[in-house]
Every structure is written in C-alpha cells, then in structure tokens.
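Visitor: I would like to learn how to read a model of this kind, feature by feature. Could you take me through it slowly?

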Amino acid sequence: MAATTVAALFATAAATSASGATTVGATGSGGASASPQRVGSAPRIPAGAVKTGGAAGSTTVQLSVGLEPRDPQALKSFIAATSTKGNPQYHHYLAKGQFAATFGPTQATIAAVTASLKAQGLNPGTVSADGLSIPMTTTLAAAAHAFGTSFSSYKLKDGTTGYANSAAPQIAGNVAGYVSGVTGLESLTHRQSMHTGLRTTGAKAGGSSTATTTRRTAVASGPQICAGATSALSTLTGSPSDGSGYYSAGNLANTYGMEHTATSGSGVTIGVFEMENFSNSDLASYQSCYGTHVSVSRFKTDGGPTEPVYPATNNGIESLLDIEDIASLAPGATIIDYQGTDLDKTTDTTWLHNYQAMVLDDRASVLSISYGGCELYTANAVLNAENYYSMEAAAQGQTILASSGDDGATGCYRAGGTQQFAASVSDPASQPYVTGVGGTSLSGSPATSRSAWSGTGGGTSNVWSLNNSFFNYQTGFTAPGFNSAACQAQTGYTCRQTPDVAADADPNSGYPLAIGGGWGIVGGTSGATPTWASMIAIANTQTACKANGPLGFINFALYSAASPTTYSADYTDITSGTNIAQAGVGYQTGTGYDLPTGLGEPKAATLSNSLCASLPAAAKGAGTFHPVSPTRVLDTRSKNGSPVPFGGITGVQITGNNGIPSTGVTAVVLNVTVTGTTGGGHLTVWGDSTPRPTTSNLNWDRAGQTISNLVTIPVPGDGGVDFFTNSATHVIADVQGYYTNDTSGATFTSQAPTRILDTRSALGTPNKGPVNYNTISLKVDGANGVPSNATAVVMNLTAAFTASNAGYLEAYPEGTTAPTVSNVNWSSTGALLSGLAIVPVGADGNVSIKVNGKSDVVGDVFGYFTADTSGAKFTAAGPARILDTRSSGALAGGHTLALQVTGANGIPSGIKSVVLNITVTGTTSAGFLEAWADGTTRPAAASNVNWVTGQTIPNQVIVPVGADGKVDLYVNSNTQVIADVFGYFN
C-alpha cells in the first residue's frame, strides 16, 4: 500500500537563482528586427537652465558606445563564487586581460555593433581591451543623424553653458540589445570632489626647507606628524590640536585599531581616482614631515589635467587629501594616481574613461574614488557602464570604495535642479559592486566621542536594487527611516542602501594637509574613503589574505562580519547624529546599520581578520555525531518578546553552550520552529560570518501557522549560526546534536527506508487509532535492521490528520525526562506534518514519542548511529540548490526522477548517503514523495515529503546514494520539486 500523505512547508520566494543588482538599461542579445530602438533615456535638464537655441552642429564631441557583457548572469555568478568563503572558486579571480575573452561581448557582437555605427555615418574606434566600450569622435550634427535626436544649447544657473540631446539615442534594432548606452551626448552633468571646509595657515609646511621644522623618521609605531606641522596647525582659529580639531595619521590609526608601522601595506598598490593634478612639492613636504617615502605615479587618461593647482585654483586639494592620507596610514603601499581631465571640463565620456582605466590597468588591488554626482541626474548609460566596470573589477579581485557625498541626504544639492532638496544618493557610491563610505565626527585622542557627520551622504538608491539572492548582502540590515516594504513593492526587490561603512569626515575633526606651501585641515567623505582604502590594503598584506588572495569585492564580507555574534567585535556602532544638512531632509542614526554611517566605523584589527579568514578547515572536514538531550537554544518569544521582523536576522552561539564544546564542532543539528507567522514566508539558517545561502530550511504559506523542520548547518570558526526570515515570525531552535572533526562521536549507517510505526494500523503500538495526549513507547533496536548497539536512530516522524487544533510531537530516549522541546508542530486540525528527527536510543533500546495533542503518528527509519568507526562520517557541503524543476516543468505524478548528487557542489563520488532538504511546491492534489538510492528497489511503505492540495512543503531527508551517484525521487501526483544539499556521509 502506498504511503499516506504527510506534510512539511516551503515558500517559493526562497527558491530564487543567484543574481546581482538589476541593470538600468536593456540587456540581452540582438534581435532579427532592424527597426530602431531607443536605448536609455534623455538627460534631465537642471532647473534654472535656459535653452539658448540649437547646439552648433560643428561641435566636436567624444562619444562612447557601451556594450553589454555576453552573459551578465554568468558574470554575476562568477563574482558570487569568488566572493563566497568555502566556495571552490573563492578568490580565484580572473588574471589581467582575461575579462574580454571570458565575459566580454563576442567578436561577432562587436563586429555587428561597429558595422551598424558605420552604416549611420560614424567612424567608431577600436573596442576597449575589455570589450565593453567603443570610442569615437564625431560632431553633434553627425551624432544627431546617427542617433535620431536633436541637440540644444543651455546656459546653466551658475553661468556655465552646455548642450544636451532631446531624446534617448536610437540604435538599429538588430544590435540595440547589445548596447548598454551611449555617453557624451550631453555636457550638463555636474560632478564634484567630496572634500569640504579647508582651512589653511599659509605658513610653510613642516618638513620643508624652513629652519623651524624637523624631519621625521618613520618608526615601528608608524609615521607620526612632525612638530612643525602641529605648531603651524595650532595657529588656526580655535587652536586645533591632534584629537581636537584634526586627526593625524597616528591618532586615526589608533582610533580605528589599524596596524600602523613604517611598512604597513607593503606590496599593495592603491589606485586613486582624480580629475585634477596635484602639487609635487606639497606632497614632498607632507612625506618629509611624516618620514615616509611612498611611490606615487601618474596614469593619465584623455591627456590628463592641464589646469594649475592650489592656490592658483581649487584644483589639487582632493588629490593631496587622498594621496597624503594613504601615504601616512599605509606607508608601505604604492600609489597610482589615475588622472582624468580637469573636473570643470569632465564629460560623461571622460569620466568613464578614467573609471575604466583603473580597472583595465589592473595593477591596483584597492581603488579609492572621492568624487561623485547626483544619482538622479546621472544618465542611464553612465550608470550601466560604471556597473559593468565595477563588476569587471570584482571579477579581477579589485576593491572599489567611493565617497557617499558631503551634502547630507540631499545628494543633488550642489547639482541644483528640481531634485536639489530631494532625498537622494551619490553615484558611484550607490553602485551595487562598490563600497560606499560615509562620514563621522570624532573627538578625543584616540576618539572617545563619535557621531554621524551631518554632511555625510546616505539614503536609498532610486536606481539600484538587490534581489533575494546572494547579492542581497544588505538583507537584515534595514536602516531606521527606510521603508523597505514600500521599496520592495515599487521595485520587486530590496533597494540598495548607502553608505556601507564610515570613517572620520567632519572638517572640524578633519585631516591635516600639506598644501600651498603651508598646512591646512580639510574634511569630507573624501577623507573617509582613502582611510578605508588604506585599511583594506593593509588587510591584504595579512597572512590569511596572502594565502587566499586579495579581498576583492568586500560588501558581502562586510555585512557577514556584522552578524549578531560578531558585530561588536568588528565595528563601532554610531548611534548619535543625523545626515540632515539641507531642508530638514535626512536620516537618524540607530543601533546597527543606518543611512548616515552604514555599518559604522572599523575595529580594524578584528575586522581585517574577519574579512581575510576563509572557512576553517574544521568546518569542511568529515565528522562524527554526538547526540544530545534536546535543548532549546533560541526562542524569540522569551528572548525579546518580539518576532523576527521582515528581512530580519537573529543569531545564536552554538559552541561553548549547552554541553557543546567550544572548539572542534563542524556542524550542528537543530530542530527549528516558526510560530505566530504573520503571512507566507521562509526561513534560512546558515553559519555565522559566512555568506547567506540562496536556499531555505523552513517555509510557510499563511498567517497563524506553527511548523518545524530539522536543520543540519555547518558551524564556522566563531561558533554561531544565523536565522533569516522574509516574513515576521517568532523563531525557536532546539539543538539535537552536533558533529566534530574527530572519531570521538558516532558514525552513521543508512538503510532502506522502513516504516516501524503507524498508529492507524497499530504498527509498533498495542493500540490502533489517534494518540490523545499520551506517550508512545517504540522499540527500535534489534528490529528492522537497527542493531542493539545503535546510539541514535534517524526517523521521519509524521503527525497524520491531526485531531486537535494545535499540538506537537517530541521524541527522546526512553527512560529519560521529556525535554519540553518539539520535533513536529501543528496549528490546525486535519494537518499532515512531518519532520526528520535524530533521536538518541534509551538504555532499553526504545525511544519515547510524546504526543502533545491528538493525532495519528507515523515513523519511518532511514538509518542509525553507532559508537564505533564502522559507519560513515559526515561532511558539510553547501547549502546549495541542485534541483529546481520549476525551470523545466513539474514532475508528473507516477514518475521517478533520477537526481545526480555527486559532482554537484563539490560532492565526491563514492559517498554512501546525502543530506537534502527536499521541497514540493505548486501541488495540485494530495500526494507524497519518496527518496531512495538509484539502482535499488523503491521502498514499499515509507515517505519523505507529504502534502495536501495547494501546499508548499519541505522536509530534510538523509537518503542512500546509488553506485552511480544518484538518488531517485518519486511523486504520486503532479508537483514541482526542489532539492538543496547540506552535506553527505562517507
């Protein structure tokens, strides 16, 4: 007789494939139609701009046609793999020059786009080395004809003039899908450097040839500011001193716990993005004062800057701030100054040329950008190009950091226009593959008081969103004042929040600067950004980073380090201040992540370790099992009285508690329950300080449910596990046992699934019928293949057709006290709910199953543990999705699917059994699923997942694997099937 249906739960929303941020422009391949298509949009014209007529057609313009990567999803997946600790691809970046051949558009695509441009009368240049852009020089008249638009000239509010296209560029339909945008069609975009509040002495800089200064020598404690500089700075208004008015490199390093020696950052190259030149003599004075000898070279794009520097103009302030800050914080590093055209002459095209040059050059592992512009006014073509260049950098192992802005939450303030006082963010800090750096105010030596600087940029992107996959690195970090529900309703995803992190930026606690032959103090997120760049560069020199490669794209690692069990060790939380700078628009700081300061300021020593460390070997090694008397380790009903909110994360320390050792634990077995659900949702459990997987463990489809599922999770070095839910609910976790990477525990023997308990037919019990608030005594050893020396049995327990409104099953070794925890929970009559349980066997060979409610109970045995070396050891793998029929069609009732297990997610051949979370969804009638080893007989009377019509159900299974590395999945009614792997026994 076929097994009776038995239920568990899953939410389809959890089963999304990995993807990064959505792009702004069109993606995909070209089509057969040659009908022209508009790509992107017309530029925004700033308020107050006056149209002065048509632009002169003879005007020479430099354009760039951006191209889509050949497979953006494959590129995102590659970045995910190289950024995921424990992934075999972790930090296996592309070598220099490999991007074009691996992810760039094909030669056929490039040829087709080039031919189309020529057909429109243009003269395209040679495609860039990465294949992502085609440059060309033309006239506005030729551009108007080629792209189907007109041009007008404008006089802006500040008196400057420019031109702009009236419509988005028109591209031939057969190649439009290959084009991400066209830049250079307008010259109205304003960008700015993110420094502010410069105060200067006018006195000669310490370390110059004046007799009053003393040259320093960098010592083991790190470069220290010279007496001549501190004396000169003390003459400024307010008589500022180190820690009260400014922060020298030594004080700042001490404040942030940064390594600070004469060789810090040795061997690392840092690139700084600049749109200006700088004074060689001022930099020499600064290095003389600090006793440093950092090599600084120039890399010029589009001919580089030509205008004079400070004090003749305001050019050079930004460059000196960036370079001098790095030179004194990471004096062992090498600096490349990527110099584009002067800022007042910069166009979208020249801006992108400099951005792309840093990435194509690929000599700097850390890139610092202290410039930006209003995201709302930035053309789609520019945003898309920056996005792809940033992804290219991530694929090559480069870290990009960018200033979040100096105008508070109103990032368009200096750009003017209709959005001048709107809540807006700065580009490129809001780019998904860039780390945005905000600003704080400090006082004390080292800092004893910290708050948000009111000028720090921060808010929610109006362009970029992060989906529910790996690259939603901000899951669980919803900032105060951020309406995540409204944002998700608008975009379908989670909007990108910025900044990610922060450091000193207030000009009243700013950076000493050798400038104009004297000394000054300057602030802005322009200072915070190279400070973070220095810290990342120094981290790249640490042993773990040297072993695993440079940090590369760091955002996921940054947010993983801010998990509940590690946050206070890695960050200083900024909980006071706002970023309200204009018109009362801005955000309040708060506990944890907030929009003025992101995750907060670094505790560099511990944060660097967290960023550099790979998964410990113990977390991946084979292990033996230690059953424990079920113990509750998490219950949010008593922890704080409030459910875990939408998108929330909570954590619990596993090792060192409840009899679990503090070291050597490789994985933990938990029974996890949600109760008081407020709507459909899913829950994911994973190792703390590791990437949140795209899988799920527990799923529910409506409000008011109470459900549970067994979870086997790798335990990382910090010994914690985290719980994420996408719907508000209470979460309960009961530990059932743990694995250690030694022979001190039990080994596992799998067996063909066998039913040993069914109260509906009096199997395994003296009486037939539902159990009503009573305890079942079930004999397990010596029968059904379970030996008398079994220490624990693996059972699938089912509450079948519950007869009480609520209740639960709890299994425990007979002869011991009921532990008041649960294995299977229900919250309605007529429910069919099941859950895998690893139950210690009592001294008499029995297990007790207490029924807290009224229900029939079914039990199927899948294997057992013995306290010897005869069985198999467990190795954690994943979690990772290895099956999802929703992409290929439902599995038809009465059919069997052979699922290849070995070879997926690094699972080797020859394993004995596999741990899977199997889910059914899209069910159209009642049914059940059975799993067994391919090449063996289908079980006569056992089941793994069971459902009634319309349910979405998961359940963990431990199933033998056939000699061919496959397991068979049979369903008796039509359903979609999803399988996530969590480990294997061998």
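Guide: What follows goes through helices, cores, aromatic pairs, charges over rings and a few single residues. Please keep in mind throughout that this is a predicted model.

Visitor: Let us begin with helices: how does the end-to-end span of helix 12 agree with the number of its residues?

Guide: The general idea is that an α-helix has 3.6 residues a turn, so residues three or four places apart point the same way. As for the case here, helix 12 covers residues 525-539, and its 15 residues at 1.5 Å each should span 21 Å, because the expected span is taken as 1.5 Å times one less than the number of residues. The C-alpha atoms at its two ends are 21 Å apart, which agrees. Helix 12 is also mostly covered, with 15 of its 15 residues buried.

Visitor: What span should helix 9 have, and how many of its residues are buried?

Guide: Helix 9, residues 348-361, has 14 residues that should span 20 Å, and the distance between its end C-alpha atoms is 20 Å, in agreement with that expectation. Of these 14 residues, 13 are buried, so helix 9 is largely enclosed by the rest of the structure. Just after the helix, Asp362 takes a positive phi of about 50°.

Visitor: How many residues are in the largest nonpolar core, and which of them have the most contacts inside it?

Guide: A core is read as a set of buried nonpolar residues joined through their side chains. The largest one here has 116 residues, and those with the most contacts inside it are Trp532, Leu558 and Tyr571. Leaving out residues up to four places away in sequence, Leu558 touches Thr435, Val501, Trp532, Tyr571, Leu599, Leu607 and Leu611. Apart from this core lies another, of 46 residues, which includes Val668, Leu670, Val735 and Val915.

Visitor: How many aromatic pairs does a search of the whole structure find?

Guide: The search finds 26 aromatic pairs. In one of them, the ring centres of Phe299 and Tyr338 are 5.2 Å apart and the ring planes meet at 45°; the pair is tilted, because only angles over 60 degrees count as edge-to-face and those under 30 as stacked. Phe299 belongs to strand 14 (residues 296-300) and Tyr338 to strand 15 (residues 334-339), so the pair ties together parts that are 39 residues apart in sequence. Phe299 is partly exposed at 26% relative accessibility, whereas Tyr338 is buried at 0%.

Visitor: What is the geometry of the pair formed by the rings of Phe865 and Phe985?

Guide: Their centres lie 6.2 Å apart and their planes are at 65°, so this pair is edge-to-face. The pair links distant parts of the chain, with Phe865 in strand 43 and Phe985 in strand 51 (residues 976-985), 120 residues apart. Phe865 is buried, with a relative accessible area of 0%, and Phe985 also counts as buried at 0%. Elsewhere, ring pairs link Tyr433, Tyr473, Phe477, Phe553, Tyr559 and Tyr593 into a cluster.

Visitor: Which rings have the charged end of an arginine sitting over them?

Guide: The charged end of Arg298 sits over the ring of Phe278, at 4.0 Å from the ring centre. In another case, the charged end of Arg938 sits over the ring of Tyr970, 3.7 Å from its centre.

Visitor: Where is Asn825, and is this residue buried or exposed?

Guide: Asn825 is in strand 41, residues 824-826, and counts as buried because its relative accessible area, 7%, is under 20%. The side chain of Asn825 makes a polar contact of 3.4 Å with that of Thr673 and one of 3.0 Å with that of Ser708. Beyond four places in sequence, the residues touched by Asn825 include Thr706, Gly807, Tyr808 and Leu833.

Visitor: Is Val851 buried or exposed, and which residues is it in contact with?

Guide: Val851, in strand 43 (residues 846-866), counts as buried at 1% relative accessibility. Leaving aside neighbours within four places in sequence, Val851 is in contact with residues including Val771, Tyr773, Tyr808 and Trp826.

Visitor: Where does Thr936 lie, and what is its relative accessible area?

Guide: Thr936 lies in the loop between strand 47 (927-933) and strand 48 (945-947), and is partly exposed, with a relative accessible area of 46%. A polar atom of the Thr936 side chain lies 2.5 Å from the backbone oxygen of Ala933.

Conventions. Residues numbered from 1 in each chain as written. Predicted model: local features only at pLDDT ≥ 70, side-chain atom pairs only at ≥ 80, totals over all residues. Heavy atoms only, no water. Helix = DSSP H or I, 4+ residues; strand = E, 2+ residues; numbered from the N terminus. Buried < 20%, exposed > 50% of the residue type's maximum accessible area, 1.4 Å probe, protein only. Polar contact = N/O pair within 3.5 Å; in protein donor to acceptor, adjacent residues only side chain to side chain. Contact = heavy atoms within 4.5 Å. Core = buried A, V, L, I, M, F, W, Y, C linked by side-chain atoms within 4.5 Å. Phe/Tyr/Trp six-rings, centres within 6.5 Å; stacked < 30°, edge-to-face > 60°. Lys NZ or Arg CZ within 6 Å of the ring centre and 35° of its normal.
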